[in-house]
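Trainee: I'd love to walk through this one with you, starting with its empty spaces and then moving on to its helix packing. Shall we pull it up?

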Amino acid sequence: MSYYEERSKYNGFNFDSFFNNLTDDVIRKIIARNRLSVLDYLALLSPRAELFLEEMAQRAQRLTVQHFGRVIFLYTPMYLANYCVNQCLYCGFHVHNRLERKKLTLPEVEREAKIIAATGLKHILVLTGESRQQSPVSYIKECVEELKKHFTSISIEIYALEEAEYAELISAGVDGLTIYQEIYDEEEYARFHPAGPKSNYRFRLEAPERACRTGIRTVNVGALLGLGGWRAEAFFTGLHADYLQSRFPDVEVSISPPRIRPHLGGFQPEFDVSDKNLVQYMLAFRLFMPRGGITISTRERAELRDRLVKLGATKMSAGSCTAVGGRSNQESTAQFEISDERSVKEMAEMLYAQGYQPVYKDWQLI
Amino acid sequence: MNDVLNINGQEISSRLFLGTGKFSSNRLIPESVEASGAQVVTVALRRVDLDYEEENIAAYVPRRCILMPNTSGARNAAEAVRIARLARTAGCGNWVKIEVITDNRYLLPDNYETLKATEILAGEGFVVLPYISPDLMVAKQMVNVGAAAVMPLGSPIGSNRGLKTRELIRILIEEIPLPIIVDAGIGRPSEAAEAMELGAAAVLVNTAIATAGDPVGMARAFGLAVEAGRLAYLAGTGETLEYARPSSPLTGFLRD
């Protein structure tokens, strides 16, 4: 059964009624439980569980240290191209947005790679918009071949691919896939993605499974917080992670809880997701999947990221830039504004100051 | 009495092996090694970064130690073999701890793939220490394919749950002619001592030390516990009885 079918089981599920039936006693018992069911996870995402954030945090912190140690894995994104045929209402690279479209040449990829590698980072996440004409799989593959010379782990955050295409990129050296469903509510998904190949909800939803089947090493899923009600979206993200971990036990599964940031086009999030909500989501997920990764990007501001280190986060980006070739060329337009502009060195210093080790390298191309 | 652990002809001074993951700073590694007296230290090749000396975990292992790279991240025999070869090429020596894990929930080892990798690497001259679930038949095959020691788990990695597999490990100690090194799951010094009293040749500890409030203090405690447990094993612990021994035995009246 694919995740599409798994997720469909909850069509019509009444979240409010489920939340309304929870008592303090139930929440307390769940927090103390060793293995949480999916509905236990949902209970920890409830408004009632907000009253127990400190208890959740204490346990989440212990579990994170036990399973990951006092370390935070570091990575940085690199935008290869911003050509895009999609019309995602919330994205700066929307096909109709007027911005200078750009795609890095291989020498430019090399130049950016050298700037990043000089910071000591070994893990890179490469991104493109969706344009099979401008940035086909063959182009991404060429970039990966170049990036392999500078980095020991390469993840992709690109448009959803067919299984054979994932296999092709994996054999070229890609070991990780990040792909956000953006919004798990199928009807709302259609509204936010009115046209372009990305409007195919199911094809995107099943992309992580396709990559897992072809031997990807890590997958990272997520919903873009602010598009839909965050509790249900967090639930379906966790359910997705659990689905993948159960079916593909040798894959390292993680989630991201990205919140919408300002960008070209000026989309305003329809649902507010507060810091408190974000933290509750992270803690609930940690208790639900003690070994699941939680990735926190520079969408979040520095002061908050510093706190999230001890609230279940396992991986953070550093020295980020969301513009194509933005490290060597300041003119390029960013996909969204980042909030934490600290350098890799500054991030490392912050982590050490908190008694955490920044890990620059955690995989080796083999 | 000279009680020295011998692995593949090499004399090892300490029966506590140390893992290096999960420390809050690499600087705690040499301090913990010294405090514990450990001589064999394992490092995941995935973390070894030869380009960045300051953050290179392997550079923090004192020179007097035997560096034992491990194949953390390998999902099958072929990957473990490739990682081991890369480690040797990178100058990490020819010891290797084989770790093949296909289950990210419990991190239990895949004995079958581990056996295949052990056979290949032993054939290439590596000193191979396979990490396994304690299974007698697999351990026997490890002997046949040339493992230098066998490393059964006490409980899942990082779980700090102690010697949950005690009976199975006891059987391995009795039946396998190689050093049995309890790897994974040991959460406190008393559990390390327990494994040593049972007759384990050594124990490998990482999480319990690295995530302790005072890792260096805990490293020292483990060093002492392993020594105490070994001494107890050598001294021969007294028989344990279910009931008190009666001071007026029922058959005391019988005389030859």
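Trainee: By class, how many nonpolar, polar and charged residues does the lining of the second largest cavity have?
Mentor: Happy to help, and bear in mind that this is a predicted model. The second largest cavity holds about 90 Å³ of space. From chain A its lining takes A:Gln357, A:Pro358, A:Val359, A:Tyr360 and A:Lys361, and from chain B it takes B:Asn26, B:Arg47, B:Asp49, B:Glu55 and B:Ile57. Sorted by class, that gives four nonpolar, two polar and four charged residues.

Trainee: How many cavities of 30 Å³ or more does the structure hold?
Mentor: The one we just discussed, with about 90 Å³ of space, is the second largest. Counting cavities of 30 Å³ or more, the structure holds two.

Trainee: Turning to the largest pocket, which helix gives the largest share of its lining?
Mentor: This pocket contains about 800 Å³ of space, and 27 residues line it. Two helices of chain A, α5 (53-68) and α13 (275-288), each supply at least two of those residues. The largest share is seven residues, and it comes from α5(A).

Trainee: Which residues lie nearest the centre of the largest pocket?
Mentor: The lining as a whole is a mix, with ten nonpolar, ten polar and seven charged residues. Nearest the centre of the pocket lie A:Asn34, A:Leu63, A:Gln66, A:His67 and A:Pro290.

Trainee: Now the helices: are α12(A) and α13(A) roughly parallel or roughly antiparallel to each other?
Mentor: Start with the geometry: the axes of α12 (residues 230-247) of chain A and α13(A) come within 11 Å and cross at roughly 25°. Angles under 35 degrees count as roughly parallel. The two helices, α12(A) and α13(A), are therefore roughly parallel.

Trainee: And what is the handedness of the crossing of α12(A) and α13(A)?
Mentor: Have a look at who touches whom. On the α12(A) side the contact includes A:Trp230, A:Arg231 and A:Ala234, while α13(A) brings in A:Asn277, A:Gln280, A:Tyr281, A:Phe285 and A:Phe288. By class, this contact has six nonpolar, four polar and two charged residues. The crossing itself is right-handed.

Trainee: How many polar residues are in the contact of α7(A) with α8(A)?
Mentor: Helix α7 (residues 137-147) and helix α8 (residues 163-172) of chain A pack at about 15°, with their axes 9 Å apart. That angle makes α7(A) roughly parallel to α8(A). In the contact, A:Val137, A:Ile140, A:Lys141, A:Val144 and A:Glu145 of α7(A) join A:Glu165, A:Glu168, A:Leu169 and A:Ala172 of α8(A). By class these are five nonpolar and four charged residues, and the polar count is no residues.

Trainee: Last one: is α6(A) roughly parallel or oblique to α7(A)?
Mentor: Helix α6 (residues 106-117) of chain A packs against α7(A) at an angle of about 40°, and their axes are 10 Å apart. Roughly parallel would need an angle under 35 degrees. That makes α6(A), relative to α7(A), oblique.

Trainee: Which residues of α7(A) does α6(A) meet?
Mentor: The crossing of α6(A) and α7(A) is right-handed. The residues of this contact divide into five nonpolar, no polar and three charged. From α6(A) come A:Leu106, A:Val109, A:Glu110 and A:Ala113, and in α7(A) they meet A:Glu142, A:Cys143, A:Glu146 and A:Leu147.

Key. Residues are numbered from 1 along each chain as its sequence is written. Chains are lettered from A and ligands numbered from 1 in the order in which they are written. This is a predicted model: local features need pLDDT of at least 70, side-chain atom pairs count only at pLDDT 80 or more; totals for chains, interfaces and linings use all residues. Side-chain values use heavy atoms; hydrogens and water are left out. On a 1 Å grid over the protein atoms alone, a cavity is a set of points where a 1.4 Å probe fits but cannot get out, and a pocket is an open set with protein on both sides within 12 Å along at least five of seven lines; lining residues have an atom within 4 Å of a point. Grid points are joined across faces, edges and corners, and a volume is the space filled by probe spheres set on the points. Helices (H or I, at least four residues) and strands (E, at least two) are DSSP runs, numbered from the N terminus. Ala, Val, Leu, Ile, Met, Phe, Trp, Tyr, Cys and Pro count as nonpolar, Asp, Glu, Lys and Arg as charged, and the others, Gly among them, as polar. Axes are lines fitted to C-alpha atoms, for helices over the stretch in contact, and angles run from 0 to 180 degrees between N-to-C directions. Angles under 35 degrees count as roughly parallel, over 145 as roughly antiparallel, 65 to 115 as roughly perpendicular and the rest as oblique. A crossing is left-handed if the near helix is turned anticlockwise from the far one by less than a right angle, and right-handed if clockwise. Contact means heavy atoms within 4.5 Å.
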